[in-house]
Amino acid sequence: MTKKIIVTGGTGYIGSHTVVELIKKGYNPVIIDNLSNSKKEVISRIEKICKKKVSFFKIDCTKEKKLKELPIWDDVKGIIHFAAHKSVSESVDFPKKYLSNNIGSLEAILNIMKYYKIENLVFSSSCTVYGNPEKLPVTEKSKIQEPTSPYALTKQKCEEIIIKSSCINNYAILRYFNPIGAHKSSLIGELNLNKPNNLVPLISKSIKEKTKLYVYGDDYNTHDGTCVRDYIHVCDVASAHVKVLEKLFTSNKKKYILNIGLSKGVSVLELIKQFEQANNIKVNYEISNRREGDVEQIYANCKLAEKELKWFPERSIKQALIDAWNWEKNN
Ligand code: WQD
């Protein structure tokens, strides 16, 4: 059986960790990435971790004609589509860029799948599709609320396109919560070519550069006034992708929509404290204004992924924060 898996956005944060997991499980991933928010060096680092060469093609996934001409589409067992812009805050400033890139790249990939008769798709979605949930924790049946950012809108639209598309029958939509941490080798991690937006890389950066971290608002209706999120180790997110691919290959059930989180709500101030304790270090922070597009609180009920995939997160938040700080120190 062929083990060739096309991974778009495979030099990105979750993509690179998933490529490592695919190789570990005996698959043959082929990476397509435009390097808009990552570096080609990630390929050599993946090869160093896995002691195996990895095929890589620098292509923008919205360029359907160029995609079609790649010599890689024979014998493809499945596609994992990560390639997208992913910053909630940046999408507020550049909505058109997010809509055209995130939706355009999915449409191009779906057309490729139809043309080359590729059956299995795993799509990188997000808990942001739930908006500001009315009830917590959120399950896959929770109401899809008004999107709180253009990023969230693109993920909602992409899910709709996949579900309604006649040319794709086997799909898995994975709604990640907040991936954090890095591979234990510190060779791959959350690499932001542009200014990082996410909390954990900004905590690490503030310590390394002796700058201040700003907590975006402490006047939310939460136990300590700061936003609550569900932080999950990126390697556990990666393993969920391989497990759901295997389900698509082996099970009669061919459609999945699954929450991927730790099923635990942690506030910004709590995460800062956990970072300090895990790494025995002080974070210099100050409360500032709210950030537009932020959801007040969200965390997952991941029982469905546990049941359907026999997937159970193996790493704690503490481990993720240690791995995140090691990544920052070593890079
Ligand atoms: C977390 C909390 C901020 C920076 C992420 C991904 C997105 C999607 C959903 C997968 C918020 C606060 C942050 C800072 C702060 N994941 N914060 N000071 O916005 O939940 O989105 O998860 O698809 O791709 O980006 O993550 O890390 O930006 O923010 O106070 O300097 O930390 O306000 O409450 P977010 P984040």
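**Exercise 1. Find the polar contacts of the ligand and describe its surroundings.**

Solution. Start with Tyr151: one of its polar side-chain atoms is 2.6 Å from an oxygen atom of the ligand. A polar contact is a pair of N or O atoms within 3.5 Å; within protein, one must be able to donate a hydrogen and the other to accept it, and residues adjacent in sequence count only if both atoms are side-chain atoms.

Next take Leu199, where a polar backbone atom lies 2.7 Å from an oxygen atom of the ligand. At Ser126, an N or O atom of the side chain is 3.3 Å from a ligand oxygen. On its own the ligand has 690 Å² of accessible area, and the protein covers 95% of this (Shrake-Rupley method, 1.4 Å probe; for residues, only the protein chains shown count as cover).

The model is predicted: local features need pLDDT of at least 70 and side-chain atom pairs pLDDT 80 or more, while totals for chains, interfaces and linings use all residues. Residues are numbered from 1 along each chain as its sequence is written, and side-chain values use heavy atoms, with hydrogens and water left out.

**Exercise 2. State which residues and elements form the shell around the ligand.**

Solution. Of 21 residues around the ligand, Tyr151, Leu199, Tyr214, Arg229 and Asp294 come nearest (a residue is near a molecule or strand if one of its heavy atoms lies within 4 Å of it). By class, the shell holds 12 nonpolar, five polar and four charged residues. Here Ala, Val, Leu, Ile, Met, Phe, Trp, Tyr, Cys and Pro count as nonpolar, Asp, Glu, Lys and Arg as charged, and the others, Gly among them, as polar.

Strand S8 gives the largest share of the shell, four residues. Helices (H or I, at least four residues) and strands (E, at least two) are DSSP runs, numbered from the N terminus.

**Exercise 3. Describe helix H5 and its packing.**

Solution. H5 covers residues 95-116, 22 in number, and spans 32 Å from first to last C-alpha, close to the 32 Å expected (1.5 Å times one less than the number of residues). Its buried residues include Tyr98, Asn102, Leu106, Ile109 and Met113 (buried is under 20% relative accessible area, exposed over 50%, partly exposed in between; 1.4 Å probe, protein chains only). An α-helix has 3.6 residues a turn, so residues three or four places apart point the same way.

The buried residues of H5 pack against strands S1 (4-8), S4 (76-81) and S5 (120-126) and helices H3 (64-69), H4 (88-93) and H6 (150-164). After H5 comes Lys117, with a positive phi near 55 degrees.

**Exercise 4. Locate the unusual backbone geometry in the loops.**

Solution. Most residues other than glycine have a negative phi, and most peptide bonds are trans. Leu136 and Pro137 are joined by a cis peptide bond with omega of about -5 degrees; Pro137 is in the loop between S5 and H6.

Ser263 has phi near 65 degrees, in the loop between S11 (255-260) and S12 (266-267), and is partly exposed at 33% relative accessible area. Asn280 has phi near 50 degrees, in the loop between H9 (268-279) and S13 (285-288), and is exposed at 72%.

**Exercise 5. Is Gln145 buried or exposed, and what does Gln145 touch?**

Solution. Gln145 sits in the loop between S5 and H6 and is buried, at 12% relative accessibility. Its contacts (heavy atoms within 4.5 Å), leaving aside neighbours within four places in sequence, are Val129, Tyr130, Gly131, Asn132, Pro133, Glu134 and Gln156. With Glu134 there is a side-chain to side-chain polar contact of 3.4 Å.
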